[in-house]
Amino acid sequence: MRTLRVLLVEDDDDHVFLIRRALRDLGDATVATDVARTGEEALERLRLRRFDGQALPELVLLDLKIPRLDGLEVLRAVRADRALRSLPVVVLTSSDEDGDREQALRLGATWYVCKPIDGAQFRAEVQQVAARWARPCA
């Protein structure tokens, strides 16, 4: 069974729990989830992995409304770093503002998902996103 490495950048404990639970039940893959609670922590973890020779995540799930550096700043930094810029970064946020979506996509977000209020729908969307990157390359 394939293992998908995910960096989840989320400061809300309830959302972390729901996303981890959805990823645990993915089915076709085991998901190793690392959680960063701030934008600074996310960038630090990515840069440390790169310099320590550890494998980078294969998918970053990024909330926009996080402390210290917001999600857009994190996305901007990831896309500016030659070693990180090809990482798929899916914005997974409760912000439904059109400006946030447009700016995230303009900065290079791979995809943008609004966290729905409905738990079952949210779970399905997280699983759909993760399943896309859990598939082995042909």
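Begin by selecting Arg-132 and Trp-133: in this predicted model, the charged end of Arg-132 sits over the ring of Trp-133, at 4.9 Å from the centre of that ring. While aromatic side chains are on display, it is worth knowing that a search of the whole structure finds 0 aromatic pairs.

**The sheet**

Next, switch to a cartoon view and select the strands, which form an open sheet of 5 strands in the order S2-S1-S3-S4-S5, paired in parallel. At the edges you will find strand S2, residues 29-36, and strand S5, residues 111-114, each of which pairs on one side only. If you look along the sheet, neighbouring strands are turned against each other by 25° on average, with direction ignored.

Now narrow the selection to S3 (59-62) and S4 (89-93), two strands that run parallel and are joined by 3 bridges. Within this pair, show Leu-62, which stands opposite Val-91 of S4.

**Thr-93 in S4**

Stay on S4 and select Thr-93, a residue of this strand. Is Thr-93 buried or exposed? Its relative accessible area is 0%, and because buried means under 20%, Thr-93 counts as buried. Display the side chain of Thr-93 and follow it to the backbone nitrogen of Ser-95, which it reaches at 3.3 Å. Then show what surrounds Thr-93: leaving aside residues up to four places away in sequence, it touches Asp-63, Leu-64 and Lys-65, as well as Tyr-112, Val-113, Cys-114 and Lys-115.

**Helix H4**

From here, add helix H4, residues 98-106, to the view. Helix H4 lies across S4 and S5, and its direction runs at about 155° to S5.

**Helix H3**

Finally, select helix H3, residues 71-80, and ask why it can be described as largely enclosed by the rest of the structure. The reason is that 7 of its 10 residues are buried; to see them, colour Gly-71, Leu-72, Val-74, Leu-75, Ala-77, Val-78 and Arg-79. With those residues highlighted, bring back the elements around them, since the cover over the buried residues of H3 includes helix H2 (39-52), strand S3, strand S4 and helix H4. The last stop is the N-terminal end of H3, which is capped by Asp-70: one of the side-chain oxygens of this residue lies 3.0 Å from the backbone nitrogen of Leu-72.

Methods: Residues numbered from 1 in each chain as written. Predicted model: local features only at pLDDT ≥ 70, side-chain atom pairs only at ≥ 80, totals over all residues. Heavy atoms only, no water. Helix = DSSP H or I, 4+ residues; strand = E, 2+ residues; numbered from the N terminus. Buried < 20%, exposed > 50% of the residue type's maximum accessible area, 1.4 Å probe, protein only. Polar contact = N/O pair within 3.5 Å; in protein donor to acceptor, adjacent residues only side chain to side chain. Contact = heavy atoms within 4.5 Å. Phe/Tyr/Trp six-rings, centres within 6.5 Å; stacked < 30°, edge-to-face > 60°. Lys NZ or Arg CZ within 6 Å of the ring centre and 35° of its normal. Pairing = 2+ DSSP bridges. Axes fitted to C-alpha atoms, helices over the stretch in contact; angles between N-to-C directions.
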